[in-house]
Amino acid sequence: MNTRGRTVIKRLFASTNHGIAIDLGTVNTVIHVRDRGIVLNEPSVIALETIGGVRRVKVVGDEAKPMMGKTPANIQAIRPLRDGVIADIDVAEQMIKHFMAKAIGRNGRFGRRPQVVICVPSGSTMVERRAIQTATMNAGASRVQLIDEPMAAAIGAGLPVTEPRGAMVVDIGGGTTEVAVLSLQGIAYSSSVRIGGDKLDEAISSHIRRHHNLMIGEMTAERVKHAIGSAIVPVDGGRSLNVKGRDLVNGRPAEITITEAEIADALAEGVGQIKSAVMSALEQTAPELSADIIDEGITLTGGGALLGQLDQALSEHTGLSVSVADNALTCVAMGAGKALEDHAYSGVLTTA
Ligand code: ADP
Ligand code: MG
């Protein structure tokens with residue numbers, strides 16, 4: 001073989017080997033690199049600093065999240081994807097660029113720009129898909145392919161998406177809950193509702209404000225949810241927890257004690273919306289696929305799937321078996337990585 005031929009082969013080899021998969025979530029960004037697995041899992045937060053009228057990136061991810069709600073006037077710590085959609089594409093691009101650099105390592109083993117597969121919500125329009133694809137190219141990719149999030153979640157959870165067998169996956173993220181039925185590498189049904197971890201956090205804050213006259217921050221509300229949040233109201237009040245915030249009456253810092261039962265009450269409406277989304281998906285699924293779902297059950301992914309007793313609540317509501325995927329928080333990125341590596345899944349990758 002001549003030198004040119006060898007170069008071509010080398011290039012092909014490089015482009016198939018050095019693939020990275022990005023799950024750009026509203027709360028967390030997770031990156032999978034071929035042969036290395038999950039290399040990055042950080043909050044989708046970026047802190048921007050304005051000096052002399054010029055805005056530049058200060059820090060991203062783990063370093064930026066603790067700044068939320070605590071920044072001086074010239075620094076902004078923001079979540080560019082807050083409501084399940086990209087609020088600010090330029091800022092999102094900066095974030096992707098920083099995360100990609102971090103995942104690869106600045107002088108990493110990638111001599112060239114990496115091939116990237118990035119996840120998109122299945123309800124994304126063509127315009128949104130093109131925007132994220134362009135942003136990822138601008139962030140330094142050599143080639144960008146897209147994968148629908150529920151498909152990536154299902155592959156990551158090990159569901160049989162290449163077979164003529166229906167599988168239902170419910171991915172509960174920060175901004176949205178996506179319910180999908182997959183079969184033969186395609187999406188037979190999908191719907192997205194604007195309920196996720198963020199709304200549950202808000203429900204906790206507003207409950208504590210109304211019933212205890214205490215203002216708490218976003219991060220405190222999330223900590224309460226992780227510690228004692230539950231989808232089923234415990235009969236005996238359950239566990240209790242101390243929470244600090246600002247007293248709305250006298251303005252002073254204050255601490256109160258709350259119970260698992262009251263938090264479950266506060267979460268009931270949001271949990272109800274998740275239940276309804278699953279029910280309407282089941283109602284709209286073709287009978288042959290429904291039969292498969294009876295056998296296979298429902299798989300929950302995303303951080304929201306970790307809410308206490310959510311699997312049980314959904315199982316009681318649907319009469320089906322419901323399980324939380326292993327690695328619920330990383331399985332979307334793992335599935336996208338697998339789709340990039342394994343040709344059996346090539347049919348699930350698209351371009352806008
Ligand atoms: P996204 O894909 O939108 O980035 P994730 O799948 O990373 O979202 O999930 C993030 C959400 O999961 C957050 O709202 C977070 O509070 C929630 N979460 C993570 N762990 C738990 C837990 N143990 N209990 C309840 N919610 C959780
Ligand atoms: Mg997600």
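A residue counts as near a molecule if one of its heavy atoms lies within 4 Å of it. The model discussed here is predicted.

User: Which residues come nearest to ligand 1?
Analyst: The shell around ligand 1 holds 17 residues. Five names stand out for distance. Those that come nearest are T26, V27, N28, E222 and K225.

User: How far is the side chain of E222 from an oxygen atom of ligand 1?
Analyst: The pair joins an oxygen atom of ligand 1 to an N or O atom in the side chain of E222. A polar contact needs N or O atoms within 3.5 Å. The distance here is 2.6 Å.

User: Which residue places a backbone N or O atom 3.4 Å from a nitrogen atom of ligand 1?
Analyst: Two backbone distances can be checked. V27 has a backbone N or O atom 2.7 Å from an oxygen atom of ligand 1. The 3.4 Å distance runs to a nitrogen atom of ligand 1, and its backbone partner is L306.

User: What share of the exposed area of ligand 1 does the protein bury?
Analyst: Start with ligand 1 taken alone, which exposes 570 Å². Ligand 1 sits in the largest pocket. The share that the protein buries is 88%.

User: Which helix gives the largest share of the shell around ligand 1?
Analyst: The shell divides into 5 nonpolar, 10 polar and 2 charged residues. The largest share is 3 residues, from a helix spanning residues 218–228. That helix is α6.

User: How many residues of helix α10 are buried?
Analyst: Helix α10 covers residues 331–341. Buried means under 20% relative accessible area. Among the buried residues are C331, G335 and L340. Of 11 residues, the buried number is 8.

Note on methods
Residues numbered from 1 in each chain as written. Chains lettered and ligands numbered in written order. Predicted model: local features only at pLDDT ≥ 70, side-chain atom pairs only at ≥ 80, totals over all residues. Heavy atoms only, no water. Polar contact = N/O pair within 3.5 Å; in protein donor to acceptor, adjacent residues only side chain to side chain. Areas by Shrake-Rupley, 256 points an atom, 1.4 Å probe, with all protein chains shown as cover. 1 Å grid on protein atoms, 1.4 Å probe; cavity = no way out; pocket = protein on both sides within 12 Å on 5 of 7 lines; lining within 4 Å. Sits in = over half its atoms within 2 Å of the grid points. Helix = DSSP H or I, 4+ residues; strand = E, 2+ residues; numbered from the N terminus. Nonpolar A, V, L, I, M, F, W, Y, C, P; charged D, E, K, R; others polar. Buried < 20%, exposed > 50% of the residue type's maximum accessible area, 1.4 Å probe, protein only.
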